[in-house]
Structure formats: C-alpha cells, structure tokens
Amino acid sequence: MEHELTGLQLTGLHGRAGRWRPAAAGPFTLLAVALALLPLRPAWLWAALVTAAAAFPWALGALPAARRRTRPYWRLSEDGLAHIGPGGLDIVRYERSRIDALAITTGDGALTVLHRFGRTPAGPLAALGMEPLALFVTARRLGITVHVLDGDAADLLDPALDEEPPVPGIGVGPLPRDHTAEKRLLDQEAELLAAAHEPAREDVRLDGDPLVLASPAPVPSRRRITLAGALAGLLGTAMVARIALDGAPDFGARLAAACWAFAAITGVLAARRRLLPAVRTEWTIASGELRVRTRPGPREGTVLPAAGIAALVVGPGLRPDPATGGPRPADLAVLAFDHRLRLVARLPAHGLDAFQLAHALDDHGHRVVTPGARPPRTPEYGLEGLPEIFGQVPGGRLVVADGGLGWADAAGDVVLRMPQDRIGGIELLTIAGHAWVRLYDSDGDEFFAAPLSALRIARTDLRETARRAGLPVNDAEYDAYLSAAFHSAVSTLSVPAPEAPPAPVSAPGTVLDATRLSRFATYLTSVFLCQAAALLGAVWLGPQLGGFSRAASWTVPVALLAGLGGYWLYDRDRAQLKVSAAGLAVVTRRGRVEWDLAHDRIGGIGIDDSADRTPRLVVWAPSGRVARRVPFPPDLEELRRACERHGLPWGPPDADRPAPPPPEL
C-alpha cells in the first residue's frame with residue numbers, strides 16, 4: 001500500500017510569489033525626511049537625494065530576486081511535518097518515524113506533536129496555513145493518529161498532567177476528548193470517501209450554460225484609490241521641486257519639504273495597502289470544469305477539470321493576507337479534493353454568498369461537502385407503500401376492533417381485519433420527526449410499516465386502545481418520557497444535581513483595579529515625557545520659529561494636553577482583575593476579556609521577584625510554572641483578602657507544603 005501514498009502531502013497556505021511590494025519602506029521614509037532637513041548644496045542635488053530615497057524601496061522591490069522570494073510555510077508529507085524556509089531549506093522538521101500522534105486543541109486551534117520524549121507545540125493551525133479537515137484527512141491517510149482535545153495547547157505542556165491518569169491512547173493527563181469536533185471531522189471525511197468512490201451523477205445536463213458568480217465591487221473602487229494615491233505622490237513631488245527651485249533657503253523651507261515628502265510617501269503607501277484587499281473573486285461554474293479568477297490577477301485564473309475533483313468542501317477556511325502574504329482566517333473558502341483525498345487546490349471565495357455558491361456547484365454536478373450537519377431526508381408520505389385495499393377505501397383509517405387491527409371506511413365499517421393471533425408486536429417510533437408504526441407477525445418478522453399520518457390515527461389513540469385490547473405494544477420513546485418525568489419529579493425531593501460551574505468572567509466575585517497611586521504616577525510619567533519632548537523640540541526648532549520662549553509658549557501646553565488626553569484614552573479602557581470562586585479573569589472596563597483561568601488550573605497567586613526585573617503579580621499553575629502575568633499592580637492586601645474569601649490559593653504552589661528541617665538538625 002506504500003505506492004498509494006506517493007505524492008500525498010499537505011502544503012500550508014502561503015502568499016503568492018512575485019507580488020511587487022516596496023522593500024524596507026519605513027527606514028527609507030525616515031531617510032528621505034532626514035535628507036530633506038539637511039542643508040545640502042546645490043539644491044538640485046538635495047531634491048534628487050530626497051526623491052531617490054523615496055523611490056528606492058519601489059525599485060528594490062521590483063528586482064527579480066526580491067520578487068521571487070517566498071514566505072516560509074509548513075508541509076505534512078511522508079517525511080513528516082516540516083517548516084520550509086526560503087530556498088527550500090528546512091527550518092524545523094519532525095520526522096515521520098518520530099511522530100506518535102498529532103493533537104488539535106479546540107480552545108486555541110493549535111497543533112501539538114506527540115512524540116517519544118514528550119509533546120512539542122507546532123503553533124495555531126491558522127498560522128501554519130492548514131485547515132483542520134485537510135490536516136485530519138492527510139494525516140490519517142499517512143497513518144498518523146490525530147486526536148481532537150478540549151483545552152489549550154498550554155495544557156498539554158503542563159508537567160502536572162503527567163501525574164494524572166492518562167487518557168487512553170493519548171498518553172496525557174485529564175484533558176477530555178472533544179467528541180463533537182472529532183465527529184464532525186469524521187463525518188466530513190466519510191463524505192469525502194463516499195464522493196471519491198461513488199459514480200458521477202446522471203441527472204446533470206452537460207450542455208448547460210456555465211454560471212458566473214462574482215463578489216461585489218469594492219467601495220471605494222480601485223480607480224478612486226489609485227487616483228488618490230497618485231495625487232498624493234504628485235503633490236508631494238511638486239512641492240519638493242518648488243522648494244528646490246527656490247534654493248531651500250532656510251530650515252523652515254526644508255522642514256516644509258520634509259513634511260511634504262513624508263505626506264506623499266505615506267499617501268502612496270496607504271493607497272497601495274488599501275488596494276491590496278480591494279479585489280474581486282469571480283467563479284465560472286460549468287459541468288465540465290471550474291474556473292476561479294481573482295481580479296486583479298492572472299486572466300486565466302485557476303482551472304480545475306471536473307473529472308479530477310471528487311468533492312468540494314465549502315465553509316470557513318483560510319486565505320492569504322494581502323499585505324503580508326501569510327495565512328489569515330476567511331469567512332468562506334473552498335477546498336478541492338481529488339479521488340485519492342489529496343488537496344489539489346484552495347479556491348478563494350471571499351465576498352460570495354455561501355448559499356448561492358454551494359447550490360450552484362451542486363446544480364452543475366459537483367459534490368459539495370459542508371461543515372454543518374445535513375438536514376434529515378424527509379420521508380415520502382402517501383398510500384403508495386400500503387396494501388391496495390387501503391387506497392380503494394375513501395376516507396379509510398386504522399382502528400382497533402374485535403381484539404385486533406382493522407381498516408375502516410368513512411362510515412366506521414371495518415372492511416379489513418387482522419386477528420390478534422397474527423400480530424406478534426406493534427412498535428411505535430419516530431422517523432424524521434414523524435410518528436410511524438411497525439407491525440411484526442407471530443414469528444417476529446416485520447411485515448408492515450407506515451407513517452401514522454397516512455393511516456389517519458393518532459399515536460396516543462393507537463397506543464392506548466391497543467393496550468386496552470391486550471395487544472403487544474412497544475413505545476420505547478413514550479416509556480422513556482415517563483421514566484424521565486418520574487425521575488425529575490423524584491429528584492426534586494432529593495439532593496439537586498450539581499450544575500456546571502460558571503465561567504470566571506460571569507461568576508460573581510470581586511473586581512480589583514490598579515491602585516490610585518500607580519495610576520497617578522503613570523499620568524505624571526506620561527505628562528513628563530511629553531513635556532520633555534516639547535522642551536527638546538523648542539530648543540531644537542526655537543531659532544527657526546522665533547526663539548525658545550515663543551516656541552515653548554505653545555509646545556508646552558500642547559504637550560500637556562497630549563500627555564493627559566493620550567493616557568486618558570488608554571486609562572478609560574484599563575484592565576481590571578476579577579477574583580471569584582470560579583477562577584481569575586482580566587477584563588477591561590468595556591468588557592473585553594484578555595484572559596481567564598479556571599479554579600482548577602490555578603496553583604498559586606502572588607508576587608514573583610525571582611528575576612532581575614520589576615516584581616510582577618503572577619499566577620502559577622499547579623505544576624509551579626508561571627501561567628499568567630498581571631501587567632498592572634492591584635492592592636495586594638485587597639487581593640489577598642479576595643483570594644481568601646473566594647478560596648483561591650495565595651502564594652506560590654510550594655508555600656503550603658511542609659519544609660524539611662535544616663541539615664544540622
């Protein structure tokens with residue numbers, strides 16, 4: 001079977017090579033501004049240097065070597081999991097023979113490699129450029145076990161988990177399996193396998209016209225964005241040239257030229273960055289092929305013949321970031337798998353409607369797989385599957401008469417009887433949300449099944465009348481309902497069942513803020529730094545702006561307002577520590593949760609001054625490692641009382657353990 005795995009691999013999503021982007025635009029922008037402030041002579045040389053510094057990043061980015069550079073990406077293949085860098089060199093490689101299993105944690109969507117000597121985090125799947133389904137299918141085809149676990153990747157690395165009973169088949173501590181997420185992946189894999197082996201549909205017209213789906217045009221349009229960027233660049237160039245023609249006589253003129261150069265470069269870069277995500281996606285769907293094109297982009301786009309596609313997975317996925325080229329989450333993407341369950345293409349679909357795209361693909365004969373569960377198939381109701389006598393009696397219905405079952409007409413006369421000795425059992429059940437009946441003969445074989453709506457009898461009437469007549473009736477769902485109702489009635493008389501513990505964010509507790517002294521000191525520091533910058537600016541620019549006193553008369557008040565206003569904007573959404581019996585959480589004043597820890601994941605709370613840095617309030621895990629750091633200093637006495645009130649451990653994890661006696665004793 002090894003020959004079947006030849007070429008089976010999964011390459012992480014990475015940006016398209018060859019995009020023209022400026023290289024080191026930030027440093028050269030600062031260089032252009034610095035050159036504009038220098039008193040260089042002659043003026044044409046000054047203007048040429050400023051223009052060259054502004055244009056050099058674009059020329060450097062246009063070089064073939066710069067345009068051929070590729071971003072590092074991840075690849076899963078027969079050789080293992082590897083991080084491929086520029087030039088095809090391995091940055092990191094996990095050999096296939098050394099990988100015991102792979103684990104996907106649902107809390108952070110991270111991938112962890114389980115090997116002989118422990119566990120190594122590879123990183124979030126989105127950062128690796130791999131979709132969960134593609135990784136799951138490829139790894140299982142390569143013979144690598146994939147586990148889907150609740151929690152975060154940091155939980156897998158906690159040494160305290162080694163002391164707990166391991167999960168069977170995983171070798172780690174009490175992390176539970178996430179059966180819902182794993183079942184969803186298994187269901188999608190089963191659909192892919194079915195699509196790879198089932199024959200093509202015969203109800204598809206191969207001569208139908210292709211359907212074109214396109215995302216809406218960006219607002220503002222690309223033409224307007226390009227025009228705005230070009231105007232900013234031309235205006236800055238014209239103003240620098242005008243100042244150069246005047247000879248750039250003094251520092252004020254050179255400062256104005258520096259501001260114009262900075263504004264022009266910033267305007268061009270901002271327009272380019274705004275152009276990158278302003279793209280349109282166009283799909284041409286035909287029965288014989290798929291053509292996906294991104295505009296702007298190559299005219300031919302991506303062409304996939306229908307014969308080479310087993311199924312298309314439509315749902316949330318990844319797309320290359322237009323600015324950085326790295327992978328980023330997308331609301332809609334399409335994965336194309338061939339008949340050997342290899343990922344042959346990632347097709348962009350952002351901007352399209354998922355409902356319209358999925359149905360258009362299905363109408364043209366392509367097999368579509370979606371992450372959501374398929375709705376149950378509605379059974380066909382009617383009298384087609386019933387005996388002919390049922391359809392020949394107008395208004396007929398099922399009745400219990402003379403100790404057996406019968407079929408009565410509209411007047412109530414029984415035209416067909418089934419005696420009790422022929423009925424071995426009557427089973428009532430629910431199929432697709434509707435009540436059905438199954439009849440068994442005396443040998444236990446099923447000989448009749450139909451929905452009760454077609455038999456025109458209610459489920460309750462059939463059950464009660466048949467039981468009164470002594471017929472064997474089995475309604476397991478009704479009996480389970482009675483058992484549950486009895487249990488709920490009895491449970492109110494006993495100890496109530498324990499409820500799920502609330503989250504640390506929603507549980508009632510104590511909210512601790514930063515101390516007033518620390519907030520006041522931060523205000524003073526912000527104002528002091530702004531005043532220092534204002535005074536240095538007045539000393540530097542004072543001779544050019546009418547003297548030090550005149551420059552300081554307006555820079556000092558502006559710096560005071562900037563320091564106060566800037567820190568007030570930051571302070572109005574400052575983080576606060578919430579202590580409760582459910583755990584710890586850091587929540588901003590506007591309700592944004594920065595992090596939270598449950599009570600069972602906290603081993604201690606206190607001050608860590610073991611390193612050569614400012615002592616920080618930290619939260620230790622039960623194993624003794626630092627789990628979280630609190631960036632602001634709350635009142636320690638209030639924090640200690642809150643921890644004691646809500647049952648959280650105060651101090652490092654080893655503080656409560658008995659210390660051994662000194663060696664001399």
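Me: Over which ring does the charged end of Arg 463 sit?

Reply: A charge is placed over a ring if NZ of Lys or CZ of Arg lies within 6 Å of the ring centre and within 35 degrees of the ring normal. Here, the charged end of Arg 463 sits over the ring of Tyr 478, 3.7 Å from its centre. This is a predicted model, where local features need pLDDT of at least 70 and side-chain atom pairs count only at pLDDT 80 or more, while totals for chains, interfaces and linings use all residues. Residues are numbered from 1 along each chain as its sequence is written, and side-chain values use heavy atoms, leaving out hydrogens and water.

Me: How many aromatic pairs does the structure hold?

Reply: The structure holds 1 aromatic pair. Phe 28 and Phe 56 form this pair, with 5.0 Å from centre to centre and 45° between the planes, so it counts as tilted (rings of Phe, Tyr and Trp, the last by its six-membered ring, pair if their centres lie within 6.5 Å; planes under 30 degrees apart are stacked, over 60 edge-to-face, and the rest tilted).

Me: Which parts of the chain does the pair link?

Reply: Distant ones: Phe 28 is in helix α1 (residues 25–37) and Phe 56 in helix α2, 28 residues apart. Helices (H or I, at least four residues) and strands (E, at least two) are DSSP runs numbered from the N terminus.

Me: Is Phe 56 buried, partly exposed or exposed?

Reply: Buried means under 20% relative accessible area, exposed over 50%, and partly exposed in between (1.4 Å probe, protein chains only). Phe 56, at 40%, counts as partly exposed.

Me: Now the backbone. Is the peptide bond from Arg 41 to Pro 42 cis or trans?

Reply: That bond is cis, with omega near 0°. Pro 42 belongs to the loop between α1 and α2.

Me: What is the sign of phi at Leu 341?

Reply: Positive: phi of Leu 341 is near 60°, in a residue other than glycine. Leu 341 lies in the loop between β14 (327–337) and β15 (343–348), and it is buried, at 3% relative accessibility.

Me: And what is phi at Arg 456?

Reply: Arg 456 has a positive phi of about 55°, although it is not a glycine. You will find Arg 456 in the loop between α12 (452–455) and α13 (459–468). At 47% relative accessibility, Arg 456 is partly exposed.

Me: Finally, where is Trp 44 placed?

Reply: Trp 44 is in helix α2 (residues 43–61), and it is exposed, with a relative accessible area of 63%.
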